[in-house]
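The following note sets out some points for a colleague who is examining this model at the bench. Please read each point alongside the sequence and the structure.

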Amino acid sequence: MATLARFETPERLLARARGADPVPTGVAAANSALALESAKRAQEEGLIEPVLVGDEAVIRKLAAGMDWALEGVRIVHKADETDAARTAVDLARRGEVKALMKGHVHTDVLMMAALDRNNGLRTGRRFTHAFHMSVPNSGREMIISDAAINIAPDIDTKRDIIRNSVDLARMLGAVRPQVALLSCTEEVTNRVQSSMDAALLTEWWSGEGYGSANVFGPLALDLALSEEAARVKGMENPVAGHADVLVVPNIETGNALFKMMVHFMNATAAGVVLGASVPIVLTSRADPPEARIAAAAIASLMAGGAKAPPVPCAALRAGPEKVAR
């Protein structure tokens with residue numbers, strides 16, 4: 001049975017984000033109650049300075065219904081969702097906002113605007129998605145990528161998924177992130193493509209001389225997260241049992257994994273698009289407010305260039321009680 005317990009926004013995340021100035025954030029198609037509630041809550045937490053792009057009449061009517069005076073809040077009138085997405089992206093491209101938040105707009109419409117070769121937010125890296133996962137009362141945090149954008153990533157896409165995820169983990173405080181390349185097996189076999197991809201990516205990361213993280217695979221989920229499973233199976237690698245980042249082989253795996261954590265472990269899943277010139281918060285109608293605030297906090301930290309205080313990489317995985325040992 002799925003848990004009915006309350007969700008929580010990680011206080012560690014909020015505390016760091018509140019220490020920086022609010023980040024100008026464009027809300028694409030802000031003319032919905034969910035979009036405005038998200039923007040209002042993030043503003044109240046001191047995370048963002050919202051710029052609302054959308055149908056102005058609808059925005060003002062909805063804001064009045066939630067007692068939001070919109071004093072000092074910039075509104076850019078765009079009634080059509082495609083125009084709103086393109087305008088929000090243009091604001092980011094011109095540096096008028098430092099982050100974007102999805103409002104009442106289809107994800108593919110917003111991503112198409114951001115990926116436009118002439119007027120988008122490309123940086124040379126592929127756009128990838130990451131969920132920052134946190135479990136209430138455990139201090140447990142990890143990153144799952146990619147569960148929302150890249151359906152069946154090839155080797156080159158997985159390289160950028162790893163690079164982007166490592167950058168995010170380090171920004172969140174991991175000194176040397178432990179990155180597990182997931183498969184259904186720890187054996188390399190040509191019958192399982194994800195195992196072969198993982199072996200190639202492990203060799204690539206090692207051969208390129210990257211020192212910012214440990215990347216290893218293939219690893220089944222138990223070997224990635226459980227020290228005991230790694231001990232019993234004789235898996236000796238720094239990543240085994242200590243993963244901060246789980247790189248999934250395809251979108252189905254990532255989607256099922258993060259939703260299992262949300263509905264059975266009450267985890268808060270904060271989703272952010274990486275690889276663009278500004279962070280992009282992707283919200284869903286099913287997201288609780290805590291997840292939307294957590295995602296805004298991460299985007300605000302990324303956009304503000306804030307540096308998290310260095311902590312052992314195990315902190316992302318197991319929290320302060322793990323670090324203390």
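1. Helix α7 and D197. Leaving aside neighbours within four places in sequence, D197 is in contact with I155 and K158. This aspartate is in helix α7, which spans residues 193-207. Its relative accessible area is 9%, and because buried means under 20%, D197 counts as buried. The model is a predicted one, and the values here should be read accordingly.

2. The loop before α7. S183 is found in the loop between β7 (178-182) and α7. The side chains of S183 and S194 are joined by a polar contact of 2.8 Å. When residues within four places in sequence are set aside, the contacts of S183 are V192, S194, S195, P218, L219, A220 and L221. S183 is buried, at 11% relative accessibility.

3. Packing of α4 and α5. Two packed helices are described by the angle between their axes and the distance between the axes. For helix α4 (residues 81-93) and α5, the axes come within 9 Å and cross at roughly 40°. The two helices are therefore oblique to each other. Their crossing is right-handed. On the α4 side the residues that meet α5 are E81, T82, A85, R86 and V89, and their counterparts in α5 are V109, L110, A113 and A114. By class, this contact has 6 nonpolar, 1 polar and 2 charged residues.

4. The loop after α5. G120 is placed in the loop between α5 (107-115) and β5 (128-135). Not counting neighbours within four places in sequence, G120 is in contact with V89, R93, A113 and A114. Of the residues in that list, V89 in α4 and A113 and A114 in α5 also take part in the contact of these two helices. G120 is buried, with a relative accessible area of 13%. How far apart in space are G120 and E186? The C-alpha atoms of G120 and E186 are 40 Å apart, and the two residues are separated by 66 residues in sequence.

5. The loop between β10 and β11. A276 lies in the loop that runs between β10 (268-274) and β11 (280-281). Residues up to four places away in sequence being left out, A276 touches L121, T123 and F127. Is A276 buried or exposed? With a relative accessible area of 14%, A276 is buried. From A276 to S134 the C-alpha distance is 24 Å, with their positions 142 residues apart in sequence.

6. Packing of α2 and α11. The axes of helix α2 (residues 33-44) and helix α11 (residues 289-304) cross at roughly 60° and come within 10 Å. That makes α2 oblique to α11. The crossing is right-handed. L34, E37, S38, R41 and A42 of α2 meet P289, R292, I293 and A296 of α11. The residues of this contact divide into 5 nonpolar, 1 polar and 3 charged.

7. The two ends of α3. At the N-terminal end of helix α3 (residues 56-65), D55 acts as a cap, with a side-chain oxygen 3.2 Å from the backbone nitrogen of A57. Following α3 is D67, which has a positive phi, near 60°.

Technical notes
Residues are numbered from 1 along each chain as its sequence is written. This is a predicted model: local features need pLDDT of at least 70, side-chain atom pairs count only at pLDDT 80 or more; totals for chains, interfaces and linings use all residues. Side-chain values use heavy atoms; hydrogens and water are left out. Axes are lines fitted to C-alpha atoms, for helices over the stretch in contact, and angles run from 0 to 180 degrees between N-to-C directions. Helices (H or I, at least four residues) and strands (E, at least two) are DSSP runs, numbered from the N terminus. Angles under 35 degrees count as roughly parallel, over 145 as roughly antiparallel, 65 to 115 as roughly perpendicular and the rest as oblique. A crossing is left-handed if the near helix is turned anticlockwise from the far one by less than a right angle, and right-handed if clockwise. Contact means heavy atoms within 4.5 Å. Ala, Val, Leu, Ile, Met, Phe, Trp, Tyr, Cys and Pro count as nonpolar, Asp, Glu, Lys and Arg as charged, and the others, Gly among them, as polar. A polar contact is a pair of N or O atoms within 3.5 Å; within protein, one must be able to donate a hydrogen and the other to accept it, and residues adjacent in sequence count only if both atoms are side-chain atoms. Buried means under 20% relative accessible area, exposed over 50%, partly exposed in between (1.4 Å probe, protein chains only).
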